[in-house]
Amino acid sequence: MYRLEAVNLADESRVPCVVTLRGIEDDDICGLRFDRQNAAPLVFRSPVDFEDTLMELRHELERQCLLLLCNRFRRNAFVSSMARQMSTGLSCYLVSPGQPVDPEKLVDSLGPAPKEAVVLAEEAAKYIEDWIAGFGE
């Protein structure tokens, strides 16, 4: 269970929330549940790994004008295929421009992150795209 905060983009207020993970061994499903006060829980499931459920959660929260303050939703969070396999999608790297992936910067995807580091999915995708492109120069 992860106790985190989300930020309401409309007024910058903080919303306490809980993310609970469940790996259902019988049918090999990764489940994620997001709870906050005065709202119905959000539940996502994936037969692949938790990265899929985190991306579904991100999409839904952005639709509701919320940003979850966790490492995976940082501007510079990168998930390699090896990290996905080894952590069932629950670890990501924090990358820097011009620098290769540093194994020392592997973090828990649902660890808390500061507001200034968390961005919308589109901005994060652009940052990672530019980071990758920087190695082709």
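**Burial, fold and backbone of a predicted model**

Biologist: What percentage of the 137 residues in the protein do the buried residues make up?
Modeller: The model is a predicted one, and the figure is therefore a computed value. A residue counts as buried when its relative accessible area is under 20%. By that cut-off, the buried share of the 137 residues is 43%.

Biologist: Which pattern does the protein follow when read along the sequence?
Modeller: The protein has three helices and eight strands. Read from start to end, these elements give the pattern β-β-β-β-α-β-β-α-β-β-α.

Biologist: What radius of gyration does the protein have?
Modeller: The C-alpha atoms fill a box of roughly 50 × 45 × 25 Å along the principal axes. For 137 residues, a compact globule would have a radius of gyration near 14 Å. The value for the protein agrees with that expectation, at 15 Å.

Biologist: Among contacts between residues at least 6 apart in sequence, what percentage join residues at least 24 apart?
Modeller: A contact requires heavy atoms within 4.5 Å. Of the contacts that span at least 6 positions, those joining residues at least 24 apart make up 48%.

Biologist: How much of the exposed area do carbon and sulfur atoms supply?
Modeller: The protein exposes about 7900 Å² in total. Of this area, the share supplied by carbon and sulfur atoms is 52%.

Biologist: How far apart are the mean positions of the positive and negative charges?
Modeller: The protein carries 15 positive and 23 negative charges. The mean position of each set was computed, and the two are separated by 5 Å.

Biologist: Is V7 buried or exposed?
Modeller: V7 lies in strand β1. Beyond its sequence neighbours up to four places away, V7 touches E12, S13, R14, C65, L66, L67, L69 and K115. V95, by contrast, is 88 residues away in sequence and 23 Å away in space, C-alpha to C-alpha. Because its relative accessibility is 0%, V7 counts as buried.

Biologist: What is the phi of E12, which is not a glycine?
Modeller: Most residues other than glycine have a negative phi. E12 lies in the loop between β1 (2-8) and β2 (14-24), and at 46% relative accessibility E12 counts as partly exposed. Its phi is positive, at about 65°.

Biologist: In β4, which residue is the bridge partner of L32?
Modeller: β3 is mostly covered, with six of its eight residues buried. Five bridges join β3 to β4, and the two strands run antiparallel. In β4, the residue bridged to L32 is F44.

Biologist: Which residue in the turn of the β3 and β4 hairpin has a positive phi?
Modeller: The hairpin has five residues between its strands, and the loop in question joins β3 (29-36) to β4 (42-46). The residue sought is not a glycine and has a phi of about 60°. At 83% relative accessibility it counts as exposed, since the cut-off is over 50%. The residue is N38.

Biologist: What is the relative accessible area of E51?
Modeller: E51 belongs to helix α1, residues 50-63. Leaving aside residues up to four places away in sequence, E51 touches R72, V79, R84, T88 and G89. E51 is buried because its relative accessible area is under the 20% cut-off, at 4%.

Conventions:
Residues are numbered from 1 along each chain as its sequence is written. This is a predicted model: local features need pLDDT of at least 70, side-chain atom pairs count only at pLDDT 80 or more; totals for chains, interfaces and linings use all residues. Side-chain values use heavy atoms; hydrogens and water are left out. Helices (H or I, at least four residues) and strands (E, at least two) are DSSP runs, numbered from the N terminus. Buried means under 20% relative accessible area, exposed over 50%, partly exposed in between (1.4 Å probe, protein chains only). The radius of gyration is taken over C-alpha atoms; the globule rule is 2.2 Å times the number of residues to the power 0.38. Accessible areas come from the Shrake-Rupley method with a 1.4 Å probe; for residues, only the protein chains shown count as cover. Lys and Arg count as positive and Asp and Glu as negative; His and the chain ends are not counted. The place of a charge is taken as NZ of Lys, CZ of Arg, CG of Asp or CD of Glu. Two strands pair if DSSP finds at least two bridges between them.
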